[in-house]
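Grab the model in your viewer and work through a few exercises with it. Each one sets a task and then walks through a solution.

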Amino acid sequence: LSSRSGLTHESHKKDVEQVYLRCSEGSIEWMYPTGALIVNLRPNTSPASYKHLTVCIKPFKDSAGANIYLEKTGELKLLVRDGDRSPSKVYCFGYDQGGLFIEATPQQDISRKITGFQYELMTKGAASDLHTVSAPCRPCSDTEVLLAVCTSDFVIRGSIQDVTNEAEEQETVIHVGVNKLYRQKSKVFQLTGESGNWRGQIKTLLKCGVKPGDGDFLFTGRMHFGEARLGCAPRFKDFQRMYKEAKDKGLNPCEIGPD
């Protein structure tokens, strides 16, 4: 978390301050914004890998008081307009497309304003992986499922306990009961209650029309801003079939116990 306050620069409203961030994910919080901030993302990786990185930002729900631009060689491209209330909207761009320039907008009372967002750095392959960008609701092919098993942040066998729709955010929350946990990057799926059952939530787009269904599924996906986002999710019996077929041919990209 990087936090700044504009009150210390109130007498110099045109001040431009530089901020350097070396973490691959985190957040910026600018209280009482005045002047401007230049946010420099400098991850602890080789500069040669920068061209393969994608930057994503997710403004805080109540973020206000500044416009956020993408800046490169003095040219500004508006990313987030002050006051834009698009719930859960994420803005992504290539690392080599420029840095972030955050400019405070004129305010009568700056003490009531806080500009902030979460950010993530990821490889371009991961950012567009699991067909979430081009066709987020399209069923995965056998090859895509088998690759997702190897590369996803979480892989679980489970059932759909409930589905809730969040109309304002245009998202669906899938409440999952976990029967077998193969992998998870973060502790999204945890033991709950005295029964010792594993539970967790996975989010996907509302337009995908996910409905409660019987039986087990293989849920895969990625962590995005602390949330599990759905990738490929075939019925478990279908996954067993495609995994066995690929294994018999020596074509499965990685080993995982399908039972």
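One definition before we start: a residue counts as exposed when its relative accessible area is over 50%, as buried when that area is under 20%, and as partly exposed in between. Keep in mind that this is a predicted model.

**Exercise 1. Warm-up**

Task: take stock of the protein; how many helices and strands are there, and what share of the residues is buried?

Solution. Start with the elements: the protein has three helices and 16 strands. Next comes burial: of its 259 residues, 41% are buried. Finally, look at the contacts between residues at least 6 apart in sequence: 66% of them join residues at least 24 apart.

**Exercise 2. Positive phi outside glycine**

Task: find where Thr 73 and Gln 170 sit, and sort each one as buried, partly exposed or exposed.

Solution. Take Thr 73 to begin with. Its phi is near 45 degrees, which is positive although the residue is not a glycine. Thr 73 belongs to the loop between strand S6 (66-72) and strand S7 (75-80). Its relative accessibility is 73%, so Thr 73 counts as exposed.

Now Gln 170, another non-glycine residue with a positive phi, here about 55 degrees. Gln 170 is in the loop between S11 and S12, and four residues separate the strands of that hairpin. With a relative accessible area of 47%, Gln 170 is partly exposed.

**Exercise 3. From the hairpin outwards**

Task: follow S12 to its partner strands and work out in which sense they pair.

Solution. On the hairpin side, strand S11 (residues 154-166) and strand S12 (residues 171-184) run antiparallel and are joined by twelve bridges. For a landmark, use Phe 154, which faces Gln 184 in S12. S12 also pairs with strand S14 (residues 197-205), again in the antiparallel sense, over eight bridges. Here the landmark is Ile 174, whose bridge partner in S14 is Ile 202.

Both Phe 154 and Ile 202 turn up again around Arg 229, as they are among the residues it touches beyond four places in sequence. Others on that list include Glu 171, Lys 203 and His 224. Arg 229 itself is in strand S16 (residues 227-230), and its relative accessible area of 18% makes it buried.

**Exercise 4. An open sheet**

Task: put the strands of the five-stranded open sheet in order, and say which ones stand at the edges.

Solution. The order is S2-S4-S9-S6-S7, with mixed pairing. Strand S2 (16-21) and S7 are at the edges: each has a single partner strand, so one side of each has no neighbour in the sheet. From one strand to the next, the twist averages 30 degrees. Inside the sheet, strand S4 (residues 36-41) and strand S9 (residues 99-104) form an antiparallel pair over four bridges, with Ile 38 opposite Phe 101 in S9.

**Exercise 5. The two sides of H3**

Task: check the span of helix H3, then work out which residues are buried and what they pack against.

Solution. Length comes up front: helix H3 (residues 236-248) has 13 residues, which at 1.5 Å a residue should span 18 Å, and the end C-alpha atoms are indeed 18 Å apart. The buried residues in H3 are Phe 236, Phe 239, Met 242, Tyr 243 and Ala 246. They cover an arc of only 125 degrees around the axis, so they lie on the same side of H3. The general rule behind this: an α-helix has 3.6 residues a turn, so residues three or four places apart point the same way.

The face turned away from that buried side carries the exposed residues Lys 237, Lys 244 and Asp 248. As for partners, the buried residues pack against helix H2 (142-151), S11, S12 and strand S15 (217-224). After H3 comes Gly 250, with a positive phi near 70 degrees.

**Exercise 6. Cores and a distant pair**

Task: which members of the largest nonpolar core touch the most other members?

Solution. That core has 25 residues, and the best-connected are Leu 41, Ile 57, Leu 79, Leu 100, Ile 102 and Phe 117. Leu 79, for one, contacts residues including Ile 57, Tyr 91 and Leu 100. Apart from this core lies another, of 15 residues, among them Val 163, Val 178, Ile 202 and Val 210.

Now pick Phe 117 and look for Pro 59, which is in strand S5 (residues 53-59). The two are 58 residues apart along the chain, yet their C-alpha atoms are separated by 3.9 Å.

Conventions
Residues are numbered from 1 along each chain as its sequence is written. This is a predicted model: local features need pLDDT of at least 70, side-chain atom pairs count only at pLDDT 80 or more; totals for chains, interfaces and linings use all residues. Side-chain values use heavy atoms; hydrogens and water are left out. Two strands pair if DSSP finds at least two bridges between them. Buried means under 20% relative accessible area, exposed over 50%, partly exposed in between (1.4 Å probe, protein chains only). Contact means heavy atoms within 4.5 Å. The expected span of a helix is 1.5 Å times one less than its number of residues. The arc is that of the directions from the helix axis to the C-beta atoms. A nonpolar core is a set of buried Ala, Val, Leu, Ile, Met, Phe, Trp, Tyr and Cys residues joined through side-chain atoms within 4.5 Å. Axes are lines fitted to C-alpha atoms, for helices over the stretch in contact, and angles run from 0 to 180 degrees between N-to-C directions.
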